[in-house]
Amino acid sequence: RTWSPARARRVSASRRACLIARFGFIYAQERLDAETLLRAFICDMETVQRIIYIAAVESFRAAKMAFWKLKINVKETLALDHTGPESLEVAVLDYIARHKDLYDVCGSVDEVICSMNMSPKIPYPPEVDFIVISTLIRELCCLAFAMQTLVPPLDIAFGVDGELFNRTMYYRSFDSDFTAPFVAYHIWPALMENGAVIVKGEVVTKK
């Protein structure tokens, strides 16, 4: 099919909408499934929620690093005979988006679990093997990787415990102290695009 800027924008907009919807589904369903799995080993709900948040952050970090490495290789290959009409950068993103099998997601999952095992925010030794939530980690890695093929890419906000609560970026959890001005810990990250919040995250606020 003949390439055109208008068609490219429609395809990109459709892919963006699907990825944002997928992010929402993971939050609404697969995150809760992971909570249930962890609660079989860990009684403290705060620890469970912290683990899942760290899994989300580490999944995006690992997927973005894998994407960056793959992009360099693909760009070098396509540059040899690229003639357009789209730019080389757009051609590279489109190629990666259409060849998702190039992504070694298993490698990213292993990297995430390894990072979680060394996280100072999780009790050590951990009370559970994080492989029990590998399905969630895998889904997040695949999603984060695909989000890098968008222009501009989508990413998550990295929260810090104790930060001032930002109502434009987060919802408070139902068990929060709604008068507390500071974030005790994060449950789910906000989804961002060029510095703007696309989907709010969730935090717990306490005095």
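# A guided tour, starting at a pocket

By class, the residues lining the second largest pocket are five nonpolar, three polar and two charged. Keep in mind as you click around that this is a predicted model.

**Stop 1: the pocket.** Select Tyr53, Ile54, Val57, Glu58, Ser115, Ser119, Pro120, Lys121, Phe158 and Gly159, and you have the lining of the second largest pocket on screen. The space they surround has a volume of about 180 Å³. Colour by secondary structure and look for H2, which supplies four of these residues, the largest share of the lining.

**Stop 2: the whole chain.** Now zoom out. The C-alpha trace spans about 60 × 35 × 25 Å along its principal axes. You should find five helices and six strands, and if you walk from the N terminus the order is α-α-α-α-α-β-β-β-β-β-β. Of the 207 residues in the chain, 42% are buried. Contacts reach far along the sequence too: among those between residues at least 6 apart, 67% join residues at least 24 apart.

**Stop 3: two domains.** Give residues 5-153 one colour and residues 157-206 another, to show domain 1 and domain 2. Their C-alpha centres lie 21 Å apart. Where the two colours meet, 19 residues of domain 1 are in contact with 19 residues of domain 2.

**Stop 4: the largest nonpolar core.** In soluble globular proteins, nonpolar side chains tend to be buried together. To see the case here, show the side chains of Phe23, Ile51, Met116, Ile133, Ile137, Met147 and Trp188, the residues that touch the most other members of a 53-residue core. At least two core residues come from each of helix H1 (5-39), helix H2 (45-78), helix H3 (88-98), helix H4 (105-117), helix H5 (134-147), strand E1 (154-156) and strand E3 (183-188). The biggest contribution is that of H2, with 15 residues. Your domain colours are useful again at this point: domain 1 (5-153) and domain 2 (157-206) each provide at least three residues of this core.

Which residues does Met116 touch, not counting residues up to four places away in sequence? Select Ile51, Ile54, Ala55, Ile122, Phe130, Ile133 and Ile137 to see them around Met116.

Elsewhere there is a second, separate core of eight residues, and Ala157, Ala190, Met192 and Val203 are among them.

**Stop 5: Arg31.** Go to helix H1 and pick Arg31. Is Arg31 buried or exposed? Its relative accessible area is 7%, under the 20% cut-off, so Arg31 counts as buried. Leaving aside neighbours within four places in sequence, Arg31 is in contact with Ile26, Ile52, Leu136, Ile187, Trp188 and Glu202. Try the distance tool on the C-alpha atoms of Arg31 and Ile137: these residues are 106 apart along the chain, and the atoms are separated by 9.8 Å.

**Stop 6: enclosed spaces.** Rolling a probe the size of a water molecule over the atoms shows where empty space is left. How many cavities of 30 Å³ or more does the structure hold? There are two.

For the largest cavity, select Arg50, Tyr53, Ile54, Lys121, Gly159, Asp161 and His186. About 50 Å³ of space lies inside. This lining has two nonpolar, two polar and three charged residues. H2 gives the most to it, with three residues, and domain 1 (5-153) and domain 2 (157-206) each contribute at least three.

For the second largest cavity, which holds about 30 Å³ of space, select Ile42, Thr47, Ile51, Ile122, Pro123, Pro126, Glu127, Val128 and Phe130. The class count here is seven nonpolar, one polar and one charged.

**Stop 7: two backbone details.** Most residues other than glycine have a negative phi, and most peptide bonds are trans. Two places are worth a look with that in mind.

Centre first on Pro152, in the loop between H5 and E1. The peptide bond leading into it from Val151 is cis, with omega near -5°.

Then move to Asn194, in the loop between strand E4 (191-193) and strand E5 (196-199). Asn194 is not a glycine, yet its phi is positive, at about 55°. Turn on the surface to finish: with a relative accessible area of 69%, Asn194 is exposed.

Definitions and conventions: Residues are numbered from 1 along each chain as its sequence is written. This is a predicted model: local features need pLDDT of at least 70, side-chain atom pairs count only at pLDDT 80 or more; totals for chains, interfaces and linings use all residues. Side-chain values use heavy atoms; hydrogens and water are left out. A nonpolar core is a set of buried Ala, Val, Leu, Ile, Met, Phe, Trp, Tyr and Cys residues joined through side-chain atoms within 4.5 Å. Buried means under 20% relative accessible area, exposed over 50%, partly exposed in between (1.4 Å probe, protein chains only). Helices (H or I, at least four residues) and strands (E, at least two) are DSSP runs, numbered from the N terminus. Domain bounds come from an automatic or database domain assignment. Contact means heavy atoms within 4.5 Å. On a 1 Å grid over the protein atoms alone, a cavity is a set of points where a 1.4 Å probe fits but cannot get out, and a pocket is an open set with protein on both sides within 12 Å along at least five of seven lines; lining residues have an atom within 4 Å of a point. Grid points are joined across faces, edges and corners, and a volume is the space filled by probe spheres set on the points. Ala, Val, Leu, Ile, Met, Phe, Trp, Tyr, Cys and Pro count as nonpolar, Asp, Glu, Lys and Arg as charged, and the others, Gly among them, as polar.
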